[in-house]
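Got your viewer open? Let's take a short walk through this one, one selection at a time.

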Amino acid sequence: MTSDVINIYLAGPRGFCAGVERAVLMVEEAIKKYGGPIYVRHEIVHNKYVVEDLKVKGAVFIDELEEIEDRTRPVIFSAHGVPKSVPKEAKNLNLLFFDATCPLVSKIHREVENFERLHVPIILVGHRNHPEVIGTMGQIQTPIYLIEKEEDLNNLPIKRDQKIAYVTQTTLSVDDTESIIQSIKKKFTNVIEPRKNDICYATSNRQNAIKKIASRCDLFIVIGSHNSSNSLRLVEVAKQYGAKESILIENLEIFNLSKFKNLNNVGLTASASAPEILVQNFIQIIQKKYKINLHESDFAPENVNFKIPQQLKTVI
Ligand code: SF4
């Protein structure tokens, strides 16, 4: 049975995490301090709205440092982290550079360095070609074994009783990764684990917030980008935890609102790289056509804050 009013269940926490806040602020502060253009290597975070907004303010996005036309201008590395070869190249080119790698990704970089010192094979659970995975693999000289799913464990040239270590990408599905970790521990008898879970607090909280409300939703909407790992995982989690349908929306303007016809309950969240303004804009768009009842939840209030480098602070 359908009613005239659609219940919108807003997941909380949602949207920007501390690592994304810091990376975006670093670009904004760099523009204030040095003026434009400021080069940014790769999308600073995986969100088109954020990237376009920073372009307007004076950021120029590049794939590789060699594309920098004016080498007197500063360059910032993205929140996903970079292989060690990138700051090395920046030094060789005499560039002024700032690293916006999230401190929780840097923690994993230090972990693989420590494991390399122990001379043990290292397994990385993550998605091939994701910038964070490329950055983590590029921290050390020793090759890292990347696995994306449990079956990949069968192809590793490592003996069962050999001591191994593993790390994971920060933005994976908590449940799927737990299952892969259990398989790693079943397959190998001597496993060194990261000191603290590598999946970050923001990823876990956003997934948990969805789990609490997904089962009551006819449709669950995640605002985010198609190249954002954490956005895609949120869509999967909503479906796994009972939403009849879950979708990712990148461009609010072209969303077909007739999808809401005959729906009673809709879940809504934003990925860790999508700003709250997109959620509020989307609610306004829905309200133009439908009556809604908003239900806010805040499953785990967050107060994590990462400082930007002193050199970029325009206000002391
Ligand atoms: S999702 Fe997690 S690891 Fe990635 S930037 Fe945010 S806090 Fe850092």
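**Stop one: around the ligand**

Start with the shell around the ligand: by class, six of its residues are nonpolar, three are polar and none is charged. Keep in mind as you click that this is a predicted model. To see the shell, select C17, G19, C102, L104, V105, T170, T171, C200 and Y201, the residues around the ligand. Now bring up the cavities: the largest cavity is the space that the ligand takes up.

**Stop two: colour by domain**

Next, give each domain its own colour. Domain 1 comes in two pieces, 5-16 and 201-296, while domain 2 covers 18-102 and domain 3 covers 104-192.

**Stop three: domain 1 against domain 3**

Hide domain 2 for a moment and look at the other pair. The C-alpha centres of domain 1 and domain 3 are 31 Å apart. Where they meet, 11 residues of domain 1 are in contact with 11 of domain 3. Together the two bury about 800 Å², with 44% of that on carbon and sulfur atoms. Select T203, S229 and R233 next: these three supply 45% of the area that domain 1 buries against domain 3, more than any other three residues.

**Last stop: a charged pair**

How many salt bridges does the rule find across the interface of domain 1 and domain 3? Just one. Finish by showing D175 and K211 as sticks: they form a salt bridge, with 3.1 Å between the closest N and O atoms.

Note on methods:
Residues are numbered from 1 along each chain as its sequence is written. This is a predicted model: local features need pLDDT of at least 70, side-chain atom pairs count only at pLDDT 80 or more; totals for chains, interfaces and linings use all residues. Side-chain values use heavy atoms; hydrogens and water are left out. A residue is near a molecule or strand if one of its heavy atoms lies within 4 Å of it. On a 1 Å grid over the protein atoms alone, a cavity is a set of points where a 1.4 Å probe fits but cannot get out, and a pocket is an open set with protein on both sides within 12 Å along at least five of seven lines; lining residues have an atom within 4 Å of a point. A molecule sits in a cavity or pocket if more than half of its atoms lie within 2 Å of its grid points. Ala, Val, Leu, Ile, Met, Phe, Trp, Tyr, Cys and Pro count as nonpolar, Asp, Glu, Lys and Arg as charged, and the others, Gly among them, as polar. Domain bounds come from an automatic or database domain assignment. Contact means heavy atoms within 4.5 Å. Buried area is the accessible area (1.4 Å probe) that two parts lose on being put together, summed over both. A salt bridge is a side-chain nitrogen of Lys or Arg within 4 Å of a carboxyl oxygen of Asp or Glu.
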